[in-house]
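Open the model in your viewer and keep the sequence beside it. We will go from stop to stop, selecting as we go.

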Amino acid sequence: MVVLVNQGFANDAESATRGKGMPGLRMVSMTVPCEGTIMEDIAAGVDEAWDRIVSALVKPLSTAEKSPSPPKVEKPERIIFKGNLAEVNLFFYRRGWSDGLPIIP
């Protein structure tokens, strides 16, 4: 499997896959605009990424891809956290409860 990701979200996608126990998920970043409707731009972005897509699909699986480690799951009875907005966002992000975009508790 290969996931196509807009280049602006590549870091977020990699972080999310690591947090969910899939660090070896193959991703190809593309320049196609997220909400693009101009067919020439879409075609150019696909053409630019095509060789990387095919390469990612046919490359043999690594050991990590064949047997990914399950994510570590914390199961606290109760979580109590006090902090400012930045600290709350970091707290959620480090636990994989957020993709890094701001949250408002």
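The tour begins with confidence, then visits a helix, a core and a group of rings.

**Stop 1: confidence**

Colour the model by pLDDT. This is a predicted model. The average pLDDT is 84, and 93% of the residues score at least 70. Which element has the lowest mean pLDDT, and which the highest? Select residues 63–66 for the lowest: this is helix 3, with a mean of 78. Now select residues 39–58 for the highest: this is helix 2, with a mean of 92.

**Stop 2: helix 1**

Select residues 10–19, which form helix 1. Show the side chains of A10, A13, S15 and T17. These are the buried residues of the helix. What do they pack against? Add residues 2–6, 26–30 and 85–94 to your selection. You now have strand 1, strand 2 and helix 4, and the buried residues of helix 1 pack against these three elements. Before moving on, click G21, just after helix 1. G21 has a positive phi of about 80°.

**Stop 3: the largest nonpolar core**

Nonpolar side chains tend to be buried together in soluble globular proteins. Here, select V2, V28, M30, V32, A49, I53 and A56. These 7 residues make up the largest nonpolar core. Strand 2 and helix 2 each supply at least two of its residues. Which element gives the most? Helix 2 does, with 3 residues.

Stay here and centre on A56. Set aside its neighbours within four places in sequence. A56 is then in contact with V2, R26 and V28. Two of those names, V2 and V28, were in your core selection.

**Stop 4: the aromatic cluster**

Clear the view and look for rings. The whole structure holds 3 aromatic pairs. Select F91 and F92, one of these pairs. Their ring centres are 6.1 Å apart, with 70° between the planes. That makes the pair edge-to-face.

Now add W97. How are the rings of F92 and W97 arranged? Their centres are 5.4 Å apart and their planes are at 75°, so this pair is edge-to-face. Together, F91, F92 and W97 form one aromatic cluster.

Finally, switch on the surface. Is F91 buried or exposed? F91 is buried, because its relative accessible area is 12% and the cut-off for buried is under 20%. F92 is partly exposed, at 26% relative accessibility. W97 is also partly exposed, with a relative accessible area of 44%.

Definitions and conventions:
Residues are numbered from 1 along each chain as its sequence is written. Side-chain values use heavy atoms; hydrogens and water are left out. Buried means under 20% relative accessible area, exposed over 50%, partly exposed in between (1.4 Å probe, protein chains only). Helices (H or I, at least four residues) and strands (E, at least two) are DSSP runs, numbered from the N terminus. Contact means heavy atoms within 4.5 Å. pLDDT is the predictor's confidence in each residue, from 0 to 100. A nonpolar core is a set of buried Ala, Val, Leu, Ile, Met, Phe, Trp, Tyr and Cys residues joined through side-chain atoms within 4.5 Å. Rings of Phe, Tyr and Trp (its six-membered ring) pair if their centres lie within 6.5 Å; planes under 30 degrees apart count as stacked, over 60 as edge-to-face and the rest as tilted.
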